[in-house]
Amino acid sequence: MKQARQQHIVELLSGCDWLTTETLAQTLAVSKETIRRDLNGLQQQGKILRQHGRARLIQADSRDGGEPFGARLKSHYADKADLARHALDWLSEGMTLALDASSTCFHLARQLPDIELTVFTNSLPICHEMARRERIRLICSGGTLERKYRCYVNPALVTLLKGLEIDLFIFSCEGVDEHGVMWDPVEHNAAFKAQLLSRASQSLLLIDKSKLKRASDVKIGLVSQVTQVIQSDLPPGR
């Protein structure tokens, strides 16, 4: 019944922009608590976006199924901010740090202290944030701006990275499946992460619990390649 109800919710959402929890509960003749549990499940499957007591279906773009940066920034906000705080323990002055264009790394960028660091990124929002730090040396990957994801795509990335020694690459991903494979919905973002993962001396994967046991369209690599994984459901101090 749960699967049938969730499929019904998807069908209802496919016919409109947004539906409230109350409307869905009335339509399906169940409690709002039941609907919230169903919506939690659908959100973890990457099928819907929730916002202020309402939900909508995530429609696949004509080129890919990735979710826009603004929507990702609002999803699991507290978990991502907490992950970013844990990542700060890995940083020290003088490091060369690489950040991907994930919303989780943007949370990290907002918390970075203004210390002697070099930050390399393909993220437009992170570039804007780093421009406020006078002591941080910023290197942008440059290239063509993908407005949906607010990141740059640069086919000359391999050449650019030859002149950089990356001490630590911090990134997130769309999901990690049961076999330990990391996934991303977009080819160019997956390629960026795969290249930085192979180049960096150490790597740190920040992943909220909604992305566990979840796959997507493009493989990044194996989680065993990552130096350390920080999950949102770890207890303090881990």
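**Backbone turns, two cores and a buried arginine**

Just after helix H2, alanine 29 adopts a positive phi of about 60°. This value comes from a predicted model, and it makes a handy starting point for a tour of the structure. Most residues other than glycine have a negative phi. Against that background, two further residues are worth a look. Arginine 150, although not a glycine, has a positive phi of about 55°; its place is in the loop between strand E7 (144-146) and strand E8 (151-153). Lysine 213, likewise a residue other than glycine, has a positive phi near 55° and lies in the loop between strand E12 (202-207) and strand E13 (218-222). Their surroundings can be described too: arginine 150 is partly exposed, with a relative accessible area of 33%, whereas lysine 213 counts as exposed at 66% relative accessibility.

Helix H2 itself, spanning residues 21-28, has Thr21, Leu24, Ala25 and Leu28 as its buried residues. These residues lie on the same side of H2, because the arc they cover around the axis is only 100°. The partners against which the buried residues of H2 pack are helix H1 (2-14), strand E1 (19-20), helix H3 (32-44) and strand E3 (54-57).

Stepping back to the whole chain, the protein contains nine helices and 14 strands. Its length is 238 residues, of which 51% count as buried. Among contacts with a separation of 6 or more, 61% involve residues 24 or more positions apart. The accessible surface of the protein amounts to about 11,900 Å², and carbon and sulfur atoms hold 47% of that area.

The interior comes next. In soluble globular proteins, nonpolar side chains tend to be buried together. Here, the largest nonpolar core comprises 23 residues, and Leu97, Leu99, Leu112 and Ile170 have the most contacts inside it. Two or more residues of this core come from each of helix H5 (77-87), strand E4 (96-99), helix H6 (103-111), strand E5 (117-121), helix H7 (124-130), strand E9 (168-171) and E12. The element that gives the most is H6, with four residues. A second, separate core has 22 residues, including Leu164, Leu197, Ile207 and Val218.

Leucine 112 offers a good view of the packing. Beyond its neighbours within four places in sequence, leucine 112 is in contact with Leu88, Leu91, Leu97, Leu117, Val119, Met130, Arg133 and Ile136. One name in that list, Arg133, leads on to a charged side chain that deserves its own description.

Arginine 133 sits in the loop between H7 and strand E6 (136-140). Its relative accessibility is 11%, below the 20% limit, so arginine 133 counts as buried. What does the side chain of arginine 133 reach at 2.8 Å? The partner is the backbone oxygen of alanine 109. A polar contact also joins the side chain of arginine 133 to the side chain of glutamate 129, at 3.2 Å. Leaving out residues up to four places away in sequence, arginine 133 touches Ala109, Arg110, Gln111, Leu112 and Asp114. Arginine 133 thus brings together a buried position, a side-chain contact with glutamate 129 and a touch on Leu112, one of the residues with the most contacts inside the largest nonpolar core.

How values were computed: Residues numbered from 1 in each chain as written. Predicted model: local features only at pLDDT ≥ 70, side-chain atom pairs only at ≥ 80, totals over all residues. Heavy atoms only, no water. Buried < 20%, exposed > 50% of the residue type's maximum accessible area, 1.4 Å probe, protein only. Core = buried A, V, L, I, M, F, W, Y, C linked by side-chain atoms within 4.5 Å. Contact = heavy atoms within 4.5 Å. Areas by Shrake-Rupley, 256 points an atom, 1.4 Å probe, with all protein chains shown as cover. Polar contact = N/O pair within 3.5 Å; in protein donor to acceptor, adjacent residues only side chain to side chain. Arc of directions from axis to C-beta.
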